[in-house]
Structure formats: C-alpha cells, structure tokens
Amino acid sequence: MIDEGRVCIKNTGRDSGEKGVVINVLDDVFVEIVSSGRKKARRANIIHLTPLDQKIDPNSEEEIKAALSSA
C-alpha cells in the first residue's frame, strides 16, 4: 500500500498532521518522505503514516510541490 509517489499524512513526530510524499521505499518498515514542513527528505516509519488515495510521480518536483500545497 505504501509505495513510491504515495501522498500521505504524518501522524506522529515533529511533522505531525502535515502532508508528505513517499520518494523512496527503504525496506519493509521505513520509507523516505518529503514533507511540507521540511526542506530535506527524511526517513519515516510506515506505521506513522496514513496513506491517501492520491499518487503522483516521485521524480517530478512540480507534482510534489502541487500535492504538498493542496489542502
């Protein structure tokens, strides 16, 4: 269910409640996400994410910015 390009909401931590986009699946437990609150990509545990129905191209900066800015 959590795959590259999936838009999700972070449930815990500093970015709690913010949207993020999965840009890389590291293993069965961790993914790398870009969130609206941070400039750098961060590692996140998949149990701390709520996936949304929206999926975008993880290589397109324009699509990532558009997904993170839409409320």
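So, let's start on the outward side of the helix. On H1, the face turned away from the buried side carries exposed residues, and those are Glu62, Lys65 and Ser69. Keep in mind that what we're looking at is a predicted model.

Take Ser69 from that trio. Its place is in helix H1, and with a relative accessible area of 60%, Ser69 is over the 50% cut-off, so we call it exposed. Who does Ser69 sit across from? Look at Ser36: the two are 33 residues apart along the chain, yet their C-alpha atoms are separated by 7.4 Å.

Now flip the helix over. Which residues of H1, which runs over residues 61-69, are buried? They're Ile64, Ala67 and Leu68. If you look down the axis of H1, the buried residues fall within an arc of 95 degrees, so they line one face of the helix.

And what covers them? The cover over the buried residues of H1 includes four strands: S1 (6-10), S2 (19-25), S3 (30-35) and S5 (49-55).

Okay, zooming out to the whole chain. We have one helix and five strands here. Reading from the N terminus, the order goes β-β-β-β-β-α. The radius of gyration comes out at 11 Å, close to the 11 Å that the globule rule gives for 71 residues, so the protein is as compact as a globular protein of that length. If you prefer a box, the C-alpha trace spans about 25 × 25 × 20 Å along its principal axes.

How much of the protein is buried? Of the 71 residues, 32% count as buried. As for the outside, the protein exposes about 4600 Å², and carbon and sulfur atoms supply 47% of that.

On contacts: take the ones between residues at least 6 apart in sequence, and 41% of those join residues at least 24 apart.

Here's another pair of residues from distant parts of the sequence. Thr12 lies in the loop between S1 and S2. Thr12 and Leu49 are 37 residues apart along the chain, and their C-alpha atoms are separated by 8.1 Å. Is Thr12 buried or exposed? Somewhere in between: its relative accessibility is 33%, so Thr12 counts as partly exposed.

Last bit, the charges. The protein has 11 positive and 12 negative ones, and the mean positions of the two sets are 9 Å apart.

Technical notes. Residues are numbered from 1 along each chain as its sequence is written. This is a predicted model: local features need pLDDT of at least 70, side-chain atom pairs count only at pLDDT 80 or more; totals for chains, interfaces and linings use all residues. Side-chain values use heavy atoms; hydrogens and water are left out. Buried means under 20% relative accessible area, exposed over 50%, partly exposed in between (1.4 Å probe, protein chains only). Helices (H or I, at least four residues) and strands (E, at least two) are DSSP runs, numbered from the N terminus. The arc is that of the directions from the helix axis to the C-beta atoms. Contact means heavy atoms within 4.5 Å. The radius of gyration is taken over C-alpha atoms; the globule rule is 2.2 Å times the number of residues to the power 0.38. Accessible areas come from the Shrake-Rupley method with a 1.4 Å probe; for residues, only the protein chains shown count as cover. Lys and Arg count as positive and Asp and Glu as negative; His and the chain ends are not counted. The place of a charge is taken as NZ of Lys, CZ of Arg, CG of Asp or CD of Glu.
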